[in-house]
Amino acid sequence: MGSLRHFMLILSFLVIANASEFVPVYMWGSHRAGEPIPALHKISQNTFKDEIMKALKDAPRIVVFAEHSLSPEDLGQRDISGNIAFPSLSKVQKTSKVTYLSYVQNPVKAIQHASEDVEEISIERLNKNDIPDSRIVIIDLNDAQDNERRFDMLKRHDEIIGSIYEELQEKYGNVLAVYTAHHPSWIASGVVHSRKTRALPTDDSSNKYMNNTTVLFYTSGNVVIKIGETTADTKGIAVTYSAENDNETIILSGKAPELSISFEFQQTVTGYWVLHTTNITYSDKIISQVTNGTIYAPLGFSYTCGNQTFKTTGFSIMFPNFQVQPMFKGTYLTQLTKFDDPYNCVGFTTIPIWSGLFVTFILLLIMTFGLTMMMDIKTMDRFDDAKGKTITINTSE
């Protein structure tokens with residue numbers, strides 16, 4: 001009974017700890033950026049809320065730039081050339097009063113509860129509309145692009161932050177800007193409770209196909225064909241896709257000048273779907289092969305690969321950022337027109353991981369052997385007494 005009580009206490013502690021996420025907060029303004037606060041200490045949500053409410057008395061407008069994820073380590077990033085990711089934020093230190101807090105508990109939630117006049121807007125909507133005329137405006141910067149490095153994304157956001165802040169400062173004069181995030185980007189500083197999924201565009205453009213009753217398919221660009229070592233078309237070939245579904249087999253077909261693609265998906269009795277057959281024809285080159293279940297996922301999951309390549313002797317075709325999910329019976333999307341969790345073509349136990357495990361196992365064996373030998377050493381338990389009789393040890397002992 002006591003062990004069960006201890007287990008429940010530990011579980012409750014973990015739940016409470018994981019419910020809180022601490023992220024950095026960078027605040028600046030022309031007049032005031034909050035009272036001095038110990039920057040190395042963790043700031044609670046209520047304490048930060050009180051600071052924002054005090055700031056509202058001095059600044060008529062507060063603009064919050066909220067990343068999806070951010071950690072203190074991100075603010076010190078540099079590229080190979082030594083350039084920083086936040087040149088605009090570095091400049092405001094010379095012209096504004098800056099407050100930096102390393103760890104603040106749920107700062108976006110605290111700001112949302114600091115005033116009744118709060119409006120949130122995504123960066124995509126902001127590109128088409130004016131900045132809302134509210135006392136607190138929260139701009140969501142969750143617009144990561146395919147094939148974009150995190151450093152480049154942060155640098156692009158830094159330029160957006162600088163231009164928006166200048167615009168608001170010219171309009172209102174006294175503006176307090178806050179740069180923070182919803183979740184930490186480093187797992188060590190918190191647990192991320194949400195994830196991003198790839199949303200398919202609603203248009204029927206080439207290189208992608210969307211049908212919630214047939215198949216979801218996406219590639220980030222044109223397919224690349226190589227004949228021998230030569231690329232057939234340096235710009236790649238745009239392909240238009242269509243699909244057929246007879247409940248037991250789903251066929252995804254692609255058409256382009258001189259190119260024909262056919263993927264045949266089947267459902268297994270064990271609850272998986274597999275890409276069973278691939279037929280690709282380009283001019284007089286043909287790829288016709290059974291994949292032997294190398295491309296597969298459980299029902300309700302998608303399959304993804306950075307550069308999915310199909311090849312035969314002297315001929316190969318590559319699909320950049322390949323992702324697919326056939327919609328067999330029993331498959332239910334958690335979100336409309338969005339892929340479910342992916343199975344990646346790169347397994348979890350890669351060669352470096354196996355190498356690390358092997359070396360660790362060898363070291364454990366050596367340490368175990370050494371400890372066993374040390375524990376087997378017998379120390380003396382009899383000693384001579386200078387005033388007594390000499391100890392006699394028999395050979396049997």
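E51 counts as buried, at 12% relative accessibility, and its side chain meets that of K54 in a salt bridge with an N to O distance of 3.9 Å. This pair is one part of a predicted model whose structure holds five salt bridges. The chain has 397 residues, of which 36% count as buried, and it contains seven helices and 20 strands. The points below treat the salt bridges, a pair of helices, selected buried residues, a surface patch and the chain as a whole.

**Salt bridges**

- E51 and K54 both belong to helix α2, which spans residues 45-58. They stand three residues apart, about one turn of the helix.
- The two partners differ in exposure: E51 is buried because its relative accessibility is 12%, whereas K54 counts as partly exposed at 39%.
- A further salt bridge joins the side chains of D74 and R150, at 3.0 Å from N to O. D74 lies in the loop between β3 (61-69) and α3, while R150 lies in helix α6, so the pair ties together parts that are 76 residues apart in sequence.
- Within this pair, D74 is buried, with 3% relative accessibility, and R150 is partly exposed, with a relative accessible area of 29%.
- The side chains of D143 and R156 also meet in a salt bridge, at 2.9 Å from N to O. Because D143 sits in the loop between β6 (136-140) and α6 and R156 sits in helix α6, this bridge ties together parts that are 13 residues apart in sequence.
- D143 is buried, its relative accessible area being 12%.

**Helices α3 and α6**

- Helix α3 covers residues 87-95 and helix α6 covers residues 150-172; their axes come within 7 Å and cross at roughly 40°. The crossing therefore makes α3 oblique to α6.
- On the α3 side, the contact is made by P87, S88 and L89. On the α6 side, it is made by D158, E159, I161 and G162.

**Surroundings of S96**

- S96 is placed in the loop between α3 and β4 (97-105).
- S96 has a relative accessible area of 11% and is therefore buried, since the limit for a buried residue is under 20%.
- Once its neighbours within four places in sequence are left aside, S96 is in contact with W28, G29 and Y165.

**Residues with positive phi**

- Most residues other than glycine have a negative phi. Two asparagines with a positive value are described here.
- N106, which is not a glycine, has a positive phi of about 45°. This residue is found in the loop between β4 and α4 (107-112), and N106 counts as buried at 9% relative accessibility.
- N321 likewise has a positive phi, near 50°, in a residue other than glycine. N321 lies in strand β19, which comprises residues 315-326, and N321 is buried, with a relative accessible area of 16%.

**H183 and its distant partner in sequence**

- H183 is found in strand β7, formed by residues 175-183. With a relative accessible area of 12%, H183 is buried.
- H183 and E21 are 162 residues apart along the chain, and their C-alpha atoms are separated by 6.3 Å.

**Nonpolar surface patch**

- F358, V359, F361, I362, L363, L365 and I366 form a nonpolar patch on the surface. Together these residues have about 700 Å² of accessible area.
- One of the patch residues, L363, is placed in helix α7, which runs over residues 351-375.
- L363 is exposed because its relative accessible area is 54%, and the limit for an exposed residue is over 50%.

**The chain as a whole**

- Among contacts in the chain with a separation of 6 or more, 64% are between residues 24 or more positions apart.
- The chain exposes about 23800 Å², and carbon and sulfur atoms supply 55% of that area.

Methods
Residues are numbered from 1 along each chain as its sequence is written. This is a predicted model: local features need pLDDT of at least 70, side-chain atom pairs count only at pLDDT 80 or more; totals for chains, interfaces and linings use all residues. Side-chain values use heavy atoms; hydrogens and water are left out. Patches are made of residues with over 30% relative accessible area and no salt bridge: like charges are joined within 9 Å, nonpolar side chains (Val, Leu, Ile, Met, Phe, Trp, Tyr) within 5 Å. Accessible areas come from the Shrake-Rupley method with a 1.4 Å probe; for residues, only the protein chains shown count as cover. A salt bridge is a side-chain nitrogen of Lys or Arg within 4 Å of a carboxyl oxygen of Asp or Glu. Helices (H or I, at least four residues) and strands (E, at least two) are DSSP runs, numbered from the N terminus. Buried means under 20% relative accessible area, exposed over 50%, partly exposed in between (1.4 Å probe, protein chains only). Axes are lines fitted to C-alpha atoms, for helices over the stretch in contact, and angles run from 0 to 180 degrees between N-to-C directions. Angles under 35 degrees count as roughly parallel, over 145 as roughly antiparallel, 65 to 115 as roughly perpendicular and the rest as oblique. Contact means heavy atoms within 4.5 Å.
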